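Please look at the sequence and the structure shown here before reading on. The report that goes with them is written for a reader who is new to such descriptions.

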Amino acid sequence: MLSSIESHRPAFNPNARGYHAVYHDGEVNHCPGCGRTQWLIGRMSAECAFCGTALPLREASNRGPAAAPVFWSGSRPSYAELNAA
């Protein structure tokens, strides 16, 4: 349950905040600032190429922690092989 530190103000409930603009990958996204559709895409946000309005990526908030990279295919090399190189 949400509770507020200040008793005269209700607790913030993000589900009740209404419209929340995010960038959807694979769809036409109109900028809420200027209405254009040209975007500079980063890892966590997209920025309008004309007015600079930034939107979070919808996919970035749903994936959780980053996956561990895998740099090999097949079997792993032994430490002796790595030291010999």
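The paragraphs below deal with aromatic rings, then with one glutamine, and then with the cysteines.

This is a predicted model, and the count of aromatic pairs in it comes to 1. The pair is formed by Y23 and W39, whose ring centres are 5.6 Å apart and whose planes stand at 65°, so the arrangement is edge-to-face. Because Y23 belongs to the segment before β1 (39-41) while W39 is in strand β1, the pair ties together parts that are 16 residues apart in sequence. Both Y23 and W39 are buried. Another ring, that of F50, has R36 lying over its face, at 4.3 Å from the ring centre.

Q38 is placed in the segment before β1, and with a relative accessibility of 44% this residue counts as partly exposed. When neighbours within four places in sequence are left aside, Q38 is in contact with E47, C48, A49 and F50. Of these, A49 is 11 residues away from Q38 in sequence, yet their C-alpha atoms are 5.6 Å apart in space.

How many disulfides does the structure hold? The number is 0, and the table gives the sulfur distances for C48 and C51.

| Cysteine | Closest cysteine sulfur | Sulfur distance | Relative accessibility |
|---|---|---|---|
| C48 | C34 | 3.6 Å | 2%, buried |
| C51 | C31 | 3.5 Å | 39%, partly exposed |

A disulfide needs two cysteine sulfur atoms within 2.5 Å, so the 3.6 Å from C48 to C34 is too far for a bond, and the 3.5 Å from C51 to C31 is also too far for a bond.

Conventions:
Residues numbered from 1 in each chain as written. Predicted model: local features only at pLDDT ≥ 70, side-chain atom pairs only at ≥ 80, totals over all residues. Heavy atoms only, no water. Phe/Tyr/Trp six-rings, centres within 6.5 Å; stacked < 30°, edge-to-face > 60°. Helix = DSSP H or I, 4+ residues; strand = E, 2+ residues; numbered from the N terminus. Buried < 20%, exposed > 50% of the residue type's maximum accessible area, 1.4 Å probe, protein only. Lys NZ or Arg CZ within 6 Å of the ring centre and 35° of its normal. Contact = heavy atoms within 4.5 Å.
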